[in-house]
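Reader: I would like a close look at one part of this model, namely the sheet and the helices that lie across it, followed outward to whatever surrounds them. Please take me through it slowly, residue by residue where that helps.

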Amino acid sequence: MTSSLLCPDAFLSPLEIDAAVTRALAEDLGRAGDITSTATIPEDLTARAMVVARKAGVISGLPLVAATFAKLAPGIEIAAKTRDGAEVATKTALMTVTGPARAVLASERVALNFLGHLSGIATATHEFVRRVAGTRTRICCTRKTTPGLRALEKYAVRCGGGFNHRFGLDDAILIKDNHIAVAGGIRPVLERAKAAAGHLVKVEIEVDTLDQLREVLDVGLADAVLLDNMDAATMREAVEMVGGRFALEASGGITLDSIAEIAKTGVDYASSGWITHSAPNLDVALDIEM
């Protein structure tokens, strides 16, 4: 069931889904389980409920919703009415669940936490993507993610039409200002990075001035350059200087209000930490229909 709910353009490992759901349910159920439902709901009572989007947005997290209910009631009936990546209107029914009432109620908050949070990220990403339509700029996330939820949040970015930056420190070399300072400058840090990198590992370096960019061009070892906290006029000049020799990424304080102007400069990528660390939750609910 969970695989059929995934966004068609974004894979999420079933191991990540299971681990996240198990961890979240353990946190919520504690040592004694849902003592409220156990005390007030007959064990053999069946409930039918509808998962609903109360606000318009882009959906992400339905596989985790299904996995959450199934973890507490393996035989629960789940009927999805859409899948991740779908853009829905206010009051759209997303899924029905039918099964043991205690399990439905015990699963409710964990399921909705996943769905609201990830759909909020997908919705925010979608709005960024919408505002750069017609340009070459791709919207990317960063490593500014909730500890333990990075794979899920980066999946949500892809559900919203964005692209993922590196998942961790081990899958790409990104030389930041502090690396440059400690290593003794742009040339030595690039030479060491390129000498150590495998043939499939890209090397990106951060610059915050055009003088630093000129030095990177002179050294000639970078695969990409991150333009840190530059204004649009400076970015435009940077694009002209590079002339397509490597990819350029805009980063630092990028907002919905500024992204359209940034995209017009011709940068290849714009990375935003906001879409994962500060995107507002999408309002979702579980309505009991019994």
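Author: A good place to begin is helix α4, which in this predicted model lies across the strands β1, β3, β5 (92-100) and β12 and runs at about 15° to β5. A further helix, α5, lies across β1, β5 and β12, and its direction makes an angle of about 165° with β12.

The strands beneath these descriptions belong to an open sheet of 4 strands, arranged in the order β3-β5-β1-β12 with antiparallel pairing. At its edges are β3 (77-80) and β12 (284-288), each of which pairs on one side only, and from one strand to the next the twist averages 20°. In general, the strands of a sheet pair through backbone hydrogen bonds, in either a parallel or an antiparallel sense. Here, strand β1, residues 46-53, pairs with β12 in the antiparallel sense over 5 bridges, and within that pairing Met50 has Asp287 of β12 as its bridge partner.

Returning to α4, one can look at the loop that connects β2 (57-58) to α4 (62-72), for this is where Ser60 lies. Ser60 is buried, with a relative accessible area of 0%, and, if its neighbours within four places in sequence are left aside, its contacts are Asp84, Phe114, Leu115, Leu118, Ser119, Ala122, Tyr155, Ala156 and Cys159. By contrast with those contacts, Arg245 is 185 residues along the chain from Ser60, and the C-alpha atoms of the two are separated by 36 Å.

Cys159, in the list of contacts of Ser60, leads to a question that a biochemist may well raise about cysteines. The structure holds 0 disulfides. The sulfur of Cys7 has its closest cysteine sulfur in Cys159, at 4.2 Å, and because a disulfide requires the two sulfur atoms to be within 2.5 Å, that distance is too far for a bond. Cys159 is accordingly in no disulfide, with the sulfur of Cys7 as its nearest cysteine sulfur. Both residues are nonetheless buried, Cys7 with a relative accessible area of 7% and Cys159 with one of 6%.

Turning to the nonpolar interior, the largest nonpolar core has 63 residues, of which Ile205, Leu213 and Val225 touch the most other members. Helix α5, residues 101-131, which was met above lying across the sheet, gives the most to this core, with 7 residues. Leu213 touches Val207, Val225, Ala238, Met241, Val242 and Phe246, when residues up to four places away in sequence are not counted. Apart from this core lies another, of 25 residues, among them Ile59, Leu62, Val97 and Ala111.

A last residue to consider is Ala222, which has its place in the loop between α9 (210-219) and β9 (224-228). Ala222 is buried, with a relative accessible area of 10%, and, leaving aside its neighbours within four places in sequence, it is in contact with Leu190, Val203, Ile205, Val216 and Phe246. Phe246 is thus named among the contacts of Ala222 and is also touched by Leu213. Arg245, used earlier as a reference point for Ser60, is 23 residues from Ala222 in sequence, and the two are 9.6 Å apart in space, C-alpha to C-alpha.

Notes. Residues are numbered from 1 along each chain as its sequence is written. This is a predicted model: local features need pLDDT of at least 70, side-chain atom pairs count only at pLDDT 80 or more; totals for chains, interfaces and linings use all residues. Side-chain values use heavy atoms; hydrogens and water are left out. Buried means under 20% relative accessible area, exposed over 50%, partly exposed in between (1.4 Å probe, protein chains only). A nonpolar core is a set of buried Ala, Val, Leu, Ile, Met, Phe, Trp, Tyr and Cys residues joined through side-chain atoms within 4.5 Å. Helices (H or I, at least four residues) and strands (E, at least two) are DSSP runs, numbered from the N terminus. Contact means heavy atoms within 4.5 Å. Two strands pair if DSSP finds at least two bridges between them. Axes are lines fitted to C-alpha atoms, for helices over the stretch in contact, and angles run from 0 to 180 degrees between N-to-C directions.
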